[in-house]
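Biologist: I am new to this structure and would like to learn how to read it, beginning with the overall picture and ending with single residues. Could you take me through it step by step?

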Amino acid sequence: MEKQVQKSLWLASMILAPLLLTICQFFWKNGVLTGTAGWIQVLSFLFWIFAFQGMFELVKERFPKYAVWGFFLAVYGCLAGNNFGVEGIYNEALHLTDIETATEMRSKFGTGGLLAFFLPGILCPLSWLVLGIQLLRARKIDTWLAVLFMFAAVAFPVSRMPRIEWLAHLDNAMLLLSMVLMAWKFYGNRG
């Protein structure tokens, strides 16, 4: 019973995490996260932690050390997603409506900003990329699905860092599609 509840949480998280990330994207304004985008993104990255947990569970038998340390780094990456979401809430409260002003504010964070935003910020898409490779090596997913997931991982920072909104929407669609297909394959079709 407890295992089924855990699997249900993983299944729901694998769908809700990328779905909420997709929705949040529609609330960007001029490349800046708004308050609405911010709180939706915070919820998204809460679910990403459990989505990662479910995916790392699938590779732990074949890659036990990677499953432990990879999950640790992935969760650290999720903290950046959360922190950028909270930044969106602050942006709106402080009336920071353009990317230049928001970037200027972020530049004042110093070492704290590096450890809270930028270092973990690259770990989440890097975790998706390596996890896609490991799921493929463990023969848990087909090659085409692994490539879709890994392509979405690479497109994430490529679209977000320069704030290319159309590419971010395309990336969200790829990420959502790959995660829904994996969720169904791993946890959705079992009794």
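The dialogue below goes from the fold to a few single residues.

Modeller: Gladly, and please keep in mind from the start that this is a predicted model.

Biologist: How many helices and strands does the protein have, and in what pattern do they follow along the sequence?

Modeller: The protein has 7 helices and 2 strands, and read along the sequence they follow the pattern α-β-β-α-α-α-α-α-α. The radius of gyration is 17 Å, close to the 16 Å that the globule rule gives for 191 residues, so the protein is as compact as a globular protein of that length. Along its principal axes, the C-alpha trace spans about 50 × 30 × 30 Å.

Biologist: What share of the residues is buried, and what does the accessible surface consist of?

Modeller: A residue counts as buried when its relative accessible area is under 20%, and 45% of the 191 residues meet that description. The accessible surface comes to about 10,000 Å², and 70% of this area belongs to carbon and sulfur atoms.

Biologist: How far apart in sequence are the residues that contacts join?

Modeller: If we take contacts between residues at least 6 apart in sequence, 74% of them join residues at least 24 apart.

Biologist: And where do the centres of the positive and negative side chains lie relative to each other?

Modeller: There are 15 positive and 11 negative side chains, and the centres of the two sets lie 13 Å apart.

Biologist: Let us turn to single residues; which ones have a positive phi although they are not glycine?

Modeller: One of them is H95, with a phi of about 60 degrees, and this residue is found in the loop between α3 (64-93) and α4 (99-107). Another is R139, which also has a positive phi of about 60 degrees and has its place in the loop between α5 (110-137) and α6 (143-160).

Biologist: Are H95 and R139 buried or exposed?

Modeller: The cut-off for exposed is a relative accessible area over 50%; H95 has 65% relative accessibility and therefore counts as exposed, while R139, with a relative accessible area of 74%, is exposed as well.

Biologist: Is E87 buried or exposed, and which residues does E87 touch?

Modeller: E87 is found in helix α3, and because its relative accessibility is 8%, this residue counts as buried. Leaving aside residues up to four places away in sequence, E87 touches A102, R106, F109 and F117.

Key: Residues are numbered from 1 along each chain as its sequence is written. This is a predicted model: local features need pLDDT of at least 70, side-chain atom pairs count only at pLDDT 80 or more; totals for chains, interfaces and linings use all residues. Side-chain values use heavy atoms; hydrogens and water are left out. Helices (H or I, at least four residues) and strands (E, at least two) are DSSP runs, numbered from the N terminus. The radius of gyration is taken over C-alpha atoms; the globule rule is 2.2 Å times the number of residues to the power 0.38. Buried means under 20% relative accessible area, exposed over 50%, partly exposed in between (1.4 Å probe, protein chains only). Contact means heavy atoms within 4.5 Å. Accessible areas come from the Shrake-Rupley method with a 1.4 Å probe; for residues, only the protein chains shown count as cover. Lys and Arg count as positive and Asp and Glu as negative; His and the chain ends are not counted. The place of a charge is taken as NZ of Lys, CZ of Arg, CG of Asp or CD of Glu.
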